[in-house]
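Good morning, and thank you for joining. I would like to take you through the interfaces in one structure, beginning with a single pair of side chains.

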Amino acid sequence: MLTAFLVFFPLAAALLLHFAKGSAARALALGASFLELAVAVFAAFAFVRNGPAGFDLNLNWIPSAGINFHLGIDGLSLCLVLLTTVLVPIILATAFRHEEYENPGAFYALVLFMQTGLLGVFTAMDAFVFYFFWEVALIPIYFLAGAWSRHERRIQITFKFFLYTIIGSLFMLAGFVYLYLQTSPMAGSLAAHSSDIQAIYAAGKQLAASEQSWLFWLIFAAFAVKMPIFPFHTWQPDTYTESPAPATMLLSGIMLKMGIYGCLRWLLPVVPLGVSQWQQLVMVLAIIGIIYGAIIAIRQRDMKRLIAYSSLSHVGLMIAGVFSLKAIGLQGAVVQMLAHGVNVVGMFLVADAIERRTGTRDLADLGGLTRRTPLLSVCFLVMLLSTVALPLTGGFVGEFLLLAGVYEFNMWAGAIAGLTIIFSAVYLLSMYQRAMLGPDSAYSDTITDLTGAELGMFVPLIVLVFWLGLFPGTFLHLSEPTISSILTAVGR
Amino acid sequence: MLPIVLLSVFGIINLFLGFMRSNRALLPFALVVLALVFGVNLLDWNHAGSITGLFDSPYVAQMLTVDNYSVAFSGIVLLTTLVLLPFSRSYVAAGEPNLAEYYSLLLFSLVGAIMMVSYNHLIMLFVGIEILSISMYCLAGSDKRNVRSNEAALKYFLQGAFATGILLFGIALVYGATGTFQLNELAAAIATPANASLQSMLYVGVLMMVIGIGFKVSAAPFHFWTPDVYEGTPTFFTAFMSTVVKTAGFAAFLKLLLVALPGASAVWLPTIVAMAVLTLLLGNVGAAVQTSAKRMLAYSSVSHAGYLLLGLIAGRGQLSGPAAQAIFFYSLAYSVATVAAFGVLKLVSDQRQREDYAGLAGLARTNPLLAFVMTVAMLSLGGIPLTGGFFGKFFIFTAVVAQGYIWLVVFAVLMSMVGIYYYLKPVIAMYMRPAEPGNEAPIVVDGFQSATLVLLAIMTLVLGILPGFLSGLL
């Protein structure tokens, strides 16, 4: 019941928003997202006390085809549910800062609609439910990124994004259909097949290595585009850069995690033999992505574009951790999913705060901002240092575990992947230096510091950064059983 | 049986209403008639015609059978017409002098459509197709003073008549080889041929029938008339053509192949596979390069014929199998979305006098409702989840993969990626481009039409969210 509420309450709120105007719409949207957060936290406590059994929701959906509307929450899902529900209020609050948005009620409604899609993806326990929500999440973000952008190339950029992701998803669907036709029905079902996660796991496991080999790519295509992994990333920098700030946060903070979560839940245990066949190739691509993203990031002048490439680089490390197929690497991926979600939203929040004040994101035009903006500088620095993976921050724990996993897989891979930390220190500190320190710019004397409300948006992010850095065990304990069952399924 | 009688009688009464020059009464009358017939039709569900078969005699039963299959497809065509009718209001408002004839022709054409989905005798199939087609020839040319409409009618008539000839020739050859018009007797005669030397005659006959019906459902390479005819025909009737004619055509096609010709699948199966591949390719690529939304929808209707042809390939076994199921669901989802798309397009083009993508620009600002409904329709036609079109494609693809045609489904999936490309174009125009100069005024839509559009959007979403209640029906 709690699961159904978590998934569908944002949608209901989004529909209600149709009847609200102006500040009432804001209050409704924010109120709904806070209520959602409260329920998620309550669910987390219930989960710790009673375990995952109470969260299972299994209803007939298409009985003639053996497809059930099956949602459930385990430790891995819960981590991502918490991430989503924490970030959405902050993203909404960012949207409130943009007075220039036309028809803001629709914007907030789409953010909440998106939340339903995301939570559905993270809790789906049936292949078609998963695919369904996977696509549902795409529709609102397409409009958020395109219809509210003011960039003249927005149509081409979002069109490319949409086509890339949907083509990837269709491959995944084809893979699932193939697996589905290999399944045997669940007990008591009249249908010939079942798309339940356990049935899909069982069907995938008994396939020959050659079949798993191409199935791997069908399913991985969707995740590879979404994350994105080099060389499927070409939609990402433009989309991240030119979308409105809240849409960028949704894309980078949460939607990206759909890909990594998808690998963990719907790829590794489904086609274990396919995974071990392609493990090394994916590792190589991931490490190329790390270096490639970092080198391009160094050369960027646009703050958002720099963060976009930095995100590409960090995602590479997460993928490498996942495909190391070591417990420590997978656990690192879980922590880093959370840490990266918090970090990247914080970084885009900083970029948005600066852009709203100065009208530019170009580092060449900025400089010397720190004098009038002590609060912004501190927030910026905390987010930045966590992204650079300084000890005590969430980024450190995540990246350390990931690197340990990659190192266990292969020493040289670990060594090269470790460059990500050095590189990110280079481009992020230089960004900070060029924007906040350095010679005064036209804005140094006029820029205003964070308002109370804006500070309120940063505080939870900063708390989470340190929480993840100091007590990562909270989340590691949650995800541990899932991770070990995934590894058992892969045969490691 | 009763739906056919009712439609014919009320069609004639409707003609007389036209003499009274009371245009206002015509639309409500037609709506009530359709709602009534729709209800009567549903009475036969699970009763195999025993409820409304007032006039059934063994002789009639040999010609037409009422079963769940025919009730389901009759339901689709009646429902489609019912939700389409409100968009004819501009005719009422403009004082169209021939409105009664239009409505009567629509009702008569539905008689043909219902015969096509319930025939048990090849002559009934032919008569049904002809009743439907002749009504459509007239309606295609109903915009008498418009050259394009005249051209459409002439083109449709000439090519349609030609295809009818081929169909009839095919029926004659099949009769010659088997000595029967009855579907089940035909199947038996093909399974145990009395005279092996007539086998080639039978096969040629089957092939000609496939070609004849292929023309009617605009399957490539017999689709060349479709874009021109659809574009020239007044939008209201184009919507009817691309939904009712197609649904009835495919229901008839499937019944023919499944019930009468399973023994001749060596001939028709490769033909249909080739036609499906060609149709998908030409329909989707053709649609992708259009700049006119109406012409895009015409090509898109060709491409949907391709997906439905795939459904025919999956058609082995009974009329209640996964193939019939998939075609039923697909036709319904496709019809609802297409009516919505043409409905919006008609409202926009009536006021802005243009049917290209640029004419749709800025619609999200001036008419959020129209833009939303059009978006839902486009997503459904593109096969994106949350809409009925997704499950339509899903059921078809699953049924075809289960028959072992994996390469065909891979091709169809690639083609539906092309589909997403062009279905997104109207959405982009509506939401991301500002209105063209002179088009800033909102489109005038009356409450009745708005309510219909909302209903269509809700139907599409319900089909996409809760497909379970219809998917196990047949």
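Please look first at A:Glu102 and B:Arg365, whose side chains meet in a salt bridge, with an N to O distance of 3.5 Å. I should say at once that this is a predicted model. Between chain B and chain A the count is one salt bridge, and three residue pairs are in polar contact, both partners at pLDDT 80 or more.

Which helices of chain B each supply at least two residues of the side that touches chain A? They are H18 (368-382), H19 (388-402), H20 (406-432), H21 (447-465) and H22 (468-471). H20(B) gives the largest share of that side, with eleven residues. By class, the side of chain B that touches chain A divides into 23 nonpolar, seven polar and two charged residues.

Now to the extent of this contact. Chain B contributes 32 residues and chain A contributes 32 residues. Together the two chains bury about 2,800 Å², and 85% of that area lies on carbon and sulfur atoms. On the chain B side, B:Phe394, B:Met417 and B:Met432 account for 23% of the area buried against chain A, more than any other three residues.

Let me turn to the interface within chain A. Chain A is divided into domain 1, residues 1-270, and domain 2, residues 278-492. Taken over C-alpha atoms, the centres of these two domains of chain A are separated by 22 Å. Their contact draws 51 residues from domain 1 and 48 residues from domain 2.

How much area is buried between domain 1 and domain 2 of chain A? The figure is about 4,200 Å², with carbon and sulfur atoms giving 79% of it. Within domain 1, the residues that lose the most area to domain 2 are A:Arg97, A:Phe230 and A:Leu268, together 15% of what that side buries.

As for polar interactions, two salt bridges are found across this domain interface. The side chains of A:Arg305 and A:Asp238 meet in a salt bridge at 2.6 Å, N to O. Nine residue pairs are in polar contact between the two domains of chain A, both partners at pLDDT 80 or more.

On the domain 1 side, the helices of chain A that each supply at least two residues are H2 (22-50), H3 (75-97), H9 (209-226), H10 (236-242) and H11 (245-266). H3(A) provides the largest share there, 13 residues. That side of domain 1 has 33 nonpolar, eleven polar and seven charged residues.

Thank you; I welcome your questions.

Note on methods:
Residues numbered from 1 in each chain as written. Chains lettered and ligands numbered in written order. Predicted model: local features only at pLDDT ≥ 70, side-chain atom pairs only at ≥ 80, totals over all residues. Heavy atoms only, no water. Contact = heavy atoms within 4.5 Å. Buried area = accessible area lost by both parts, 1.4 Å probe. Salt bridge = Lys/Arg side-chain N within 4 Å of Asp/Glu carboxyl O. Polar contact = N/O pair within 3.5 Å; in protein donor to acceptor, adjacent residues only side chain to side chain. Helix = DSSP H or I, 4+ residues; strand = E, 2+ residues; numbered from the N terminus. Nonpolar A, V, L, I, M, F, W, Y, C, P; charged D, E, K, R; others polar. Domains from an automatic or database assignment.
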